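Colleague: Could you take me through this structure feature by feature? I would like the general idea each time, and then the case in front of us.

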Amino acid sequence: MTEHREFFYRRLHSLLGVIPIGVFLTQHLVVNHFAVYGEESFNKAAGFMHDLPFRLALEIVIIFLPILFHAILGVYIVFVTKNNTRRYGYFRNWMFLLQRITGIITFVFIAWHVWETRVQIGMGTEELNYNLMENILSNPFMFWFYIAGLISTTFHFANGLWSFMVSWGITQSPKSQKVATYATLIVFLALSYIGVRALIQFAYGV
């Protein structure tokens with residue numbers, strides 16, 4: 001019974017990492033990318049998301065609770081899983097290790113990001129705008145903290161997407177898993193570019 005429960009929790013952990021968390025991450029980065037087209041474009045995009053009906057309830061049920069479950073179980077997995085990269089330096093073993101490391105970094109980054117952009121401004125009662133992000137990222141330390149956090153998050157999602165396709169039986173053959181490796185690498189590079197480009201715009205206005 002315990003083994004079945006853990007199997008279920010791990011499958012749910014994998015699923016939530018893609019839907020809805022991965023979908024939200026992609027949407028969030030796309031909205032942030034509107035900053036590249038100017039302050040007004042970003043504020044309009046952010047305002048549209050802010051004014052969605054039942055936004056706070058939807059965020060709690062679809063975003064915050066899944067992220068909380070995924071993060072808590074992810075931290076548990078980090079501490080109970082043994083890494084064997086010293087004995088077996090295979091590519092996927094290193095990806096397995098990096099998934100755990102970036103998971104911890106992502107957890108810290110998201111917690112700080114939510115605190116800084118949501119809790120401190122009244123948990124969404126005030127609208128997040130261009131000036132807020134500009135003020136945050138004008139600090140060089142915060143800029144590089146966001147860069148590291150963003151890249152960790154996009155890697156964690158992309159590599160987790162590969163694991164999701166394997167564990168859910170979508171990619172079973174070595175050839176399909178190799179194709180998935182290249183596909184998820186493209187996902188990682190594309191999302192990282194979208195996110196980093198927006199951070200540079202907020203920080204330096206270019």
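Colleague: To begin with a single residue, is Glu59 buried or exposed?

Modeller: Buried means under 20% relative accessible area, exposed over 50%, and partly exposed in between, with a 1.4 Å probe and only protein chains counted. Glu59 has a relative accessible area of 14%, so it is buried. Before we go on, this is a predicted model, where local features need pLDDT of at least 70, side-chain atom pairs count only at pLDDT 80 or more, and totals for chains, interfaces and linings use all residues. Residues are numbered from 1 along each chain as its sequence is written, and side-chain values use heavy atoms, with hydrogens and water left out.

Colleague: Which residue forms a salt bridge with Glu59?

Modeller: Side chains of opposite charge can pair when their charged atoms come close. The term salt bridge is used here for a side-chain nitrogen of Lys or Arg within 4 Å of a carboxyl oxygen of Asp or Glu. The partner of Glu59 is Arg55, with the closest N and O atoms 3.2 Å apart. Both residues lie in helix 4, four residues apart, about one turn of the helix. Helices are DSSP runs (H or I, at least four residues), strands are E runs of at least two, and the numbering starts at the N terminus. Arg55 has 13% relative accessibility and therefore counts as buried. Salt bridges that share partners also bring in Arg118, making one network of Arg55, Glu59 and Arg118.

Colleague: How many salt bridges does the structure hold?

Modeller: There are four. Another one pairs Arg10 with Glu6, the closest N and O atoms being 3.3 Å apart. These two are four residues apart in helix 1 (residues 2-18), so about one helical turn separates them. Arg10 is partly exposed at 31% relative accessibility, and Glu6 is partly exposed too, at 32%. Lys44 and Glu40 form a salt bridge as well, with 3.4 Å between the closest N and O atoms. That pair sits in helix 3, again four residues apart, and both Lys44 and Glu40 are exposed.

Colleague: Now the interior. Which residues touch the most other members of the largest nonpolar core?

Modeller: A nonpolar core is a set of buried Ala, Val, Leu, Ile, Met, Phe, Trp, Tyr and Cys residues joined through side-chain atoms within 4.5 Å. The largest one has 24 residues, and those touching the most other members are Phe42, Met133, Ile136, Leu137, Tyr146, Leu199 and Phe202. At least two core residues come from each of helix 2 (21-33), helix 3 (39-50), helix 6 (130-137), helix 7 (140-167) and helix 8 (174-204). Helix 7 gives the largest share, six residues. Apart from this core lies another, of six residues, including Leu161, Trp162, Phe164 and Ala180.

Colleague: What does Phe202 touch?

Modeller: Contact means heavy atoms within 4.5 Å. Leaving out residues up to four places away in sequence, Phe202 touches Asn32, Ala35, Phe42, Tyr130, Met133, Glu134 and Leu137. You can read Phe157 of helix 7 in a similar way. With the same sequence neighbours left out, its contacts are Gly17, Val18, Gly22, Leu25, Thr26, Val187 and Leu191. Phe157 counts as buried, at 12% relative accessibility.

Colleague: And on the surface, which residues form a nonpolar patch?

Modeller: Patches are made of residues with over 30% relative accessible area and no salt bridge; like charges are joined within 9 Å, and nonpolar side chains (Val, Leu, Ile, Met, Phe, Trp, Tyr) within 5 Å. Here Phe54, Leu56, Leu58, Ile60, Val61, Ile62, Leu65, Leu68 and Ile72 form one, with about 870 Å² of accessible area together. Leu58, in helix 4 (residues 55-80), is partly exposed at 41%. Phe54 lies in the loop between helix 3 and helix 4 and is exposed, with a relative accessible area of 70%.

Colleague: What is phi of Phe54?

Modeller: Phi is near 55°, a positive value in a residue other than glycine. For another backbone feature, look at Ile19 and Pro20, which are joined by a cis peptide bond with omega about 15°. Pro20 lies in the loop between helix 1 and helix 2.

Technical notes
Accessible areas come from the Shrake-Rupley method with a 1.4 Å probe; for residues, only the protein chains shown count as cover.
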